[in-house]
Amino acid sequence: MEQYAVGGNVISYCMKCKLSQNHTIVSMDKDAITQVECLVCHGKHKFRSASAVKRRSAGKRASAAQKTPAVTWEEALKAAKGKELAYSMAAKFRVGDIVVHDRFGKGVVLRLHQNKCDVLFQDKERLMASAN
């Protein structure tokens with residue numbers, strides 16, 4: 001059994017990044033890790049063992065594969081009624097805005113979150129930083 005200590009590193013699932021990756025241990029309760037900080041996004045959250053994270057069921061994957069992202073992107077782009085804006089992490093977006101990203105191309109804002117937004121690009125949906 002591994003011994004962990006505050007300040008040490010551990011693999012944990014990050015809900016913000018949606019990946020299992022290195023985290024710094026922020027707090028512990030006896031031998032149990034209680035809070036960690038992601039080394040990528042610097043978000044602090046409770047420890048989630050990478051092996052304990054539930055995987056999506058095969059049924060969900062099959063239904064998502066039925067509609068390709070390119071078709072959904074084209075439909076979203078035609079239905080978008082917002083402004084066409086250059087992407088910037090400091091910009092505020094609204095649902096339906098068309099975002100032009102220098103690497104990913106054109107995308108449509110689908111949902112807003114605190115300081116983030118979901119943008120559908122031609123290849124896939126991405127969680128992007130914003131001033132929202």
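Select Asp97 to begin. Asp97 is buried yet forms no salt bridge. Buried here means under 20% relative accessible area, exposed means over 50%, and partly exposed is in between (1.4 Å probe, protein chains only). A salt bridge is a side-chain nitrogen of Lys or Arg within 4 Å of a carboxyl oxygen of Asp or Glu. The nearest side chain of opposite charge to Asp97 is Arg94, 6.0 Å away. For charge, Lys and Arg count as positive, Asp and Glu as negative; His and the chain ends are not counted.

This is a predicted model: local features need pLDDT of at least 70, side-chain atom pairs count only at pLDDT 80 or more, and totals for chains, interfaces and linings use all residues. Residues are numbered from 1 along each chain as its sequence is written, and side-chain values use heavy atoms, with hydrogens and water left out.

Stay on Asp97. Asp97 sits in the loop between strand 5 (84–86) and strand 6 (98–101). Strands (E, at least two residues) and helices (H or I, at least four) are DSSP runs, numbered from the N terminus. Now show the backbone of Arg94. Its nitrogen lies 2.9 Å from a polar atom of the Asp97 side chain. Next, display the surroundings. Leaving aside neighbours within four places in sequence, Asp97 is in contact (heavy atoms within 4.5 Å) with Gly82, Lys83, Leu85, Gly107, Val108 and Val109.

**Strand 8 and its partners**

Select residues 116–121, which are strand 8. Of the 6 residues in strand 8, 5 are buried, so the strand is largely enclosed by the rest of the structure. Add strand 7, residues 105–113. Strands 7 and 8 run antiparallel and are joined by 6 bridges. Two strands pair if DSSP finds at least two bridges between them. To check the register, pick Gly107: Phe121 in strand 8 stands opposite.

Move to the turn. Strands 7 and 8 form a hairpin with 2 residues between them. Asn115, in this turn, has a positive phi of about 60°.

Now add strand 9, residues 125–129. Strand 9 runs antiparallel to strand 8, with 5 bridges joining them. Leu120 stands opposite Glu125 in strand 9. The hairpin from strand 8 to strand 9 passes through 3 residues.

**Met128**

Which strand holds Met128? Met128 is in strand 9. At 8% relative accessibility, Met128 counts as buried. Measure from its C-alpha to that of Lys116: the two are 5.4 Å apart in space and 12 residues apart in sequence. Show the contacts next. Leaving aside neighbours within four places in sequence, Met128 touches Tyr87, His101, Phe104, Asn115, Lys116, Cys117, Val119 and Phe121.

**Salt bridges**

Side chains of opposite charge can pair when their charged atoms come close. How many salt bridges does the structure hold? The structure holds 4.

Select Glu84 and Lys106. Their side chains meet in a salt bridge (3.4 Å, N to O). This pair links distant parts of the chain: Glu84 is in strand 5 and Lys106 in strand 7, 22 residues apart. Glu84 is partly exposed, at 48% relative accessible area. Lys106 is also partly exposed, at 36%.

Go to Asp118 and Arg111. Their side chains form a salt bridge at 2.9 Å, N to O. Asp118 counts as buried at 9% relative accessibility, while Arg111 counts as partly exposed at 39%.

Then pick Asp123 and Arg126. Their side chains meet in a salt bridge at 2.8 Å, N to O. Asp123 is partly exposed, with a relative accessible area of 46%. Arg126 counts as buried, at 15% relative accessibility. Finally, highlight Arg111, Asp118 and Glu125 together: salt bridges that share partners join these residues into one network.

**Cysteines**

Last stop: the cysteine sulfurs. A search of the whole structure finds 0 disulfides, a disulfide being a pair of cysteine sulfur atoms within 2.5 Å. Cys14 is in no disulfide; the nearest cysteine sulfur, that of Cys41, is 3.7 Å away. Cys14 counts as buried, at 1% relative accessibility.

Where is the cysteine sulfur closest to that of Cys41? It is in Cys17, 3.7 Å away, too far for a bond. Cys41 counts as partly exposed, at 24% relative accessibility.

Key. Polar contact = N/O pair within 3.5 Å; in protein donor to acceptor, adjacent residues only side chain to side chain.
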